[in-house]
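Let's take a friendly walk through this protein, one stop at a time. Have the sequence and the 3D view ready, and follow along as each residue comes up.

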Amino acid sequence: MVEPRSADEGVLATLSRAKALIESHDFDSAVQVYFQLLKTELSGPLRGEVLTNLGAALCLLGRSETGPLAQARLDQAHHLLVSALPFRSRIQAPAAWATTRANLAMVHLARYQAGGDRDELLSGHLALDGIEQALSHTGETALRDWATAIRDQLIDLRERRRERR
């Protein structure tokens, strides 16, 4: 999930352009736009948003590819999302924190699907821990539902893996 936020006029326009690129499935171009944004002066919360959106775009790109390139993109997405977490406080910005954590869970899911490492399923669950509680007093039902859907998918994959034994 890529999130829009208000910022100064130039950054806001650039974020809107990157979001439009993602919606049109031009992930390569969106990634380049986000990398350019990271080279600019950004406040902490805005830097966290750009890192999160870049990680999400790289995850989407990696899921559309195969082999070592896909794995490299997913690893980079993981690194960016982990780097975003210090800028996204669970207490001060629970929706932003939850968005980053849910995207991190998506990366773990994609890494499992790409490589079959079952530890990625557990890491995906861990990334989702606390989201429901953090969002319980917000109106972020869509975000909470998305996190629940990711967790359900992780559980389904774990159970399917167990049944094959």
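A good place to begin is phenylalanine 27. Setting aside neighbours within four places in sequence, phenylalanine 27 is in contact with Ile22, Ala57, Leu60 and Leu61. Is phenylalanine 27 buried or exposed? Its relative accessibility is 12%, and because buried means under 20%, phenylalanine 27 counts as buried. You will find phenylalanine 27 in helix α2, which covers residues 27-38. If you would like a distance to check on screen, the C-alpha atoms of phenylalanine 27 and alanine 56 are separated by 9.6 Å, with their positions 29 residues apart along the chain.

Please keep in mind that what you are looking at is a predicted model. With that said, let's step back to the whole chain.

How many helices and strands does the protein have? The secondary structure comes to eight helices and zero strands, and reading along the sequence gives the pattern α-α-α-α-α-α-α-α. The radius of gyration is 16 Å, close to the 15 Å that the globule rule gives for 165 residues, so the protein is as compact as a globular protein of that length. Along the principal axes, the C-alpha atoms fill a box of roughly 55 × 40 × 25 Å.

Contacts tell us how the chain comes together. Among contacts with a separation of 6 or more, 60% are between residues 24 or more positions apart. Of the 165 residues, 45% are buried. The accessible surface comes to about 8600 Å², and carbon and sulfur atoms account for 52% of that surface. As for charge, there are 20 positive and 21 negative charges, and their mean positions are 5 Å apart.

Now to the interior. The largest nonpolar core has 48 residues, and those touching the most other members are Tyr34, Leu128 and Ile131. Which elements give two or more residues to this core? They are α1, α2, α3 (44-63), α4 (67-84), α5 (94-115), α6 (119-128), α7 (131-135) and α8 (141-163). The one that gives the most is α5, with 10 residues.

Let's look at some individual positions, starting in helix α1 (residues 9-23), where threonine 14 is found. With a relative accessibility of 17%, threonine 14 counts as buried. Leaving out neighbours within four places in sequence, threonine 14 is in contact with Val33 and Leu37.

Between α1 and α2 there is a loop, and histidine 25 is found in that loop. Is histidine 25 buried or exposed? At 60% relative accessibility, histidine 25 counts as exposed. Its backbone is worth a glance too: phi of histidine 25 is near 65 degrees, a positive value in a residue other than glycine.

Moving on to helix α3, we have two stops. Glycine 55 lies in helix α3 and is buried, with a relative accessible area of 0%. What does glycine 55 touch, leaving aside neighbours within four places in sequence? The contacts of glycine 55 are Ala77, Leu80 and Leu81. From the C-alpha atom of glycine 55 to that of arginine 88, 33 residues apart along the chain, the separation is 14 Å.

Cysteine 59 also lies in helix α3. Its relative accessible area is 5%, so cysteine 59 is buried. Once neighbours within four places in sequence are left aside, cysteine 59 is in contact with Leu74, Ala77, Met106, Val107 and Ala110. Cysteine 59 and isoleucine 150 are 91 residues apart in sequence, while their C-alpha atoms are 14 Å apart in space.

Our final stop is leucine 109, in helix α5. At 0% relative accessibility, leucine 109 counts as buried. Which residues does leucine 109 touch, not counting those up to four places away in sequence? They are Gln153, Leu154 and Leu157. For a last distance to try in your viewer, the C-alpha atoms of leucine 109 and glycine 48 are separated by 22 Å, and these two residues are 61 residues apart along the chain.

Key:
Residues numbered from 1 in each chain as written. Predicted model: local features only at pLDDT ≥ 70, side-chain atom pairs only at ≥ 80, totals over all residues. Heavy atoms only, no water. Helix = DSSP H or I, 4+ residues; strand = E, 2+ residues; numbered from the N terminus. Rg over C-alpha atoms; globule rule 2.2 N^0.38 Å. Buried < 20%, exposed > 50% of the residue type's maximum accessible area, 1.4 Å probe, protein only. Contact = heavy atoms within 4.5 Å. Areas by Shrake-Rupley, 256 points an atom, 1.4 Å probe, with all protein chains shown as cover. Lys, Arg positive; Asp, Glu negative; His and termini not counted. Charge placed at Lys NZ, Arg CZ, Asp CG, Glu CD. Core = buried A, V, L, I, M, F, W, Y, C linked by side-chain atoms within 4.5 Å.
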